[in-house]
Amino acid sequence: MSQRVIKHRVRPDEEGLRLDQLLSQINEVPSRSSAQRWIKQQHVQINQTPADSPSRILRRGDLLEILIPPPKTLDLNPESGNLNILYEDQDLIVLVKPAGLVVHPSPGHDSGTMVNFLLDHCTDLSGIGGVTRPGIVHRLDKDTSGVMVAAKNDRTHQHLATQFKEHSVKRSYQALVWGKMKQKKGTIDAPLGRHPVNRKQNAIVTNGRRAITHWNAEQQFSSICLLKCRLETGRTHQIRIHLAESGHPICGERVYSAPVGCELKDQSRTPRVALHAAELGFVLPVTGD
């Protein structure tokens with residue numbers, strides 16, 4: 001399969017951005033991690049010189065040339081599993097991921113993932129996500145349940161990825177959080193990035209990527225509140241971090257914060273993070289519905 005080269009001239013409003021940050025905003029680049037991988041594989045040139053680092057700061061007028069690699073051949077084993085399918089056509093499949101199910105293979109989870117089950121259900125998944133993530137446009141944490149969409153071809157994958165990048169996808173979550181909310185609704189606007197000490201976690205950092213979470217209190221119980229959260233951005237662990245830092249961690253949260261004023265035995269009764277992706281709205285690539 002022939003490779004494509006796309007060119008991009010850095011605009012004045014893009015000056016000062018990191019190379020991987022700008023690349024992730026280009027429609028043909030699936031994600032920031034893909035951009036970083038392509039830079040390391042020398043698929044990216046700046047002014048006809050191979051890019052040396054994802055953190056390279058760009059200047060106005062720099063010419064970027066990106067070699068789009070062909071999709072990798074899939075090397076995963078299809079496995080029989082139960083899929084809760086909400087909608088399916090020739091381009092995509094929408095399903096509900098249960099809590100406890102890993103989305104795609106990773107170290108320590110080389111089988112029994114949603115991708116393995118999808119490959120048993122339909123063999124025509126897009127290859128843009130890489131050899132271990134066929135069809136995967138977005139993800140949910142292992143312990144988070146809820147609705148997801150997977151692409152069956154590269155054209156659909158790019159169409160959906162563009163909607164996610166442009167924040168035009170409508171997403172809402174349900175979360176049970178500790179404590180009593182002082183207001184009926186609110187917005188958390190706090191940038192997220194790598195934790196300065198624990199590099200395996202994210203945190204609110206001053207130089208992070210902007211992250212915005214809107215929340216509404218749906219029902220207040222004695223010491224727990226049901227929230228509806230709507231995302232403007234989709235950063236890793238965004239809702240979990242934002243709510244924990246606001247003083248109302250999600251029930252079952254064991255990574256980012258301990259519940260304030262709640263006994264440990266109460267927390268131990270929660271078998272998972274009480275977070276559910278309840279709604280997902282996007283435009284179908286062919287019909288525009």
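Reader: Which cysteine sulfur is closest to the sulfur of C229, and is that distance too far or close enough for a bond?

Author: One compares the sulfur separation with the cut-off for a disulfide, which is 2.5 Å. In this predicted model, the cysteine sulfur closest to that of C229 belongs to C225 and lies 9.7 Å away, so the pair is too far apart for a bond. The count of disulfides comes to zero.

Reader: Are C229 and C251 buried or exposed?

Author: A residue is taken as buried when its relative accessible area is under 20%. C229 has a value of 0% and is therefore buried. C251, at 4%, is buried as well.

Reader: Which residue stands opposite C229, and how are the two strands joined?

Author: Strands are read through the bridges between them, and two strands pair if there are at least two. Strand β12 (residues 212-220) and strand β13 (residues 224-231) run antiparallel and are joined by seven bridges. C229 in β13 has W215 opposite it.

Reader: In what order do the strands of the open sheet follow one another, and which stand at the edges?

Author: The order of the eight strands is β5-β6-β7-β14-β8-β13-β12-β9, with mixed pairing. β5 (84-88) and β9 (185-189) each have a single partner strand, so one side of each is left without a neighbour in the sheet. Direction ignored, neighbouring strands are turned by 25 degrees against each other on average.

Reader: Which strands do helices α3 and α4 meet?

Author: Helix packing is described by the strands involved and by an angle between directions. Helix α3 (residues 114-121) packs on the sheet and touches β5, β6 (92-97) and β7 (145-151), with its direction at about 135 degrees to that of β6. Helix α4 (residues 154-165) lies across β6, β7, β8 (170-178) and β14 (275-281), and runs at about 130 degrees to β7.

Reader: What does the side chain of S172 contact, and is S172 buried or exposed?

Author: S172 lies in strand β8 and, with a relative accessible area of 4%, is buried. Its side chain makes a polar contact of 2.5 Å with the side chain of E279. Beyond four places in sequence, S172 touches several residues, including C229, K228, R230 and H276.

Reader: How does I204 read by the same approach, and which residues does I204 touch?

Author: I204 is found in strand β11 (residues 202-204). I204 is partly exposed, with a relative accessible area of 35%. Leaving out residues up to four places away in sequence, I204 touches A190, P191, L192, I241, H242 and E245. Separation along the chain can also be set beside separation in space: I204 and S106 are 98 residues apart, and their C-alpha atoms are separated by 26 Å.

How values were computed:
Residues numbered from 1 in each chain as written. Predicted model: local features only at pLDDT ≥ 70, side-chain atom pairs only at ≥ 80, totals over all residues. Heavy atoms only, no water. Helix = DSSP H or I, 4+ residues; strand = E, 2+ residues; numbered from the N terminus. Axes fitted to C-alpha atoms, helices over the stretch in contact; angles between N-to-C directions. Contact = heavy atoms within 4.5 Å. Buried < 20%, exposed > 50% of the residue type's maximum accessible area, 1.4 Å probe, protein only. Polar contact = N/O pair within 3.5 Å; in protein donor to acceptor, adjacent residues only side chain to side chain.
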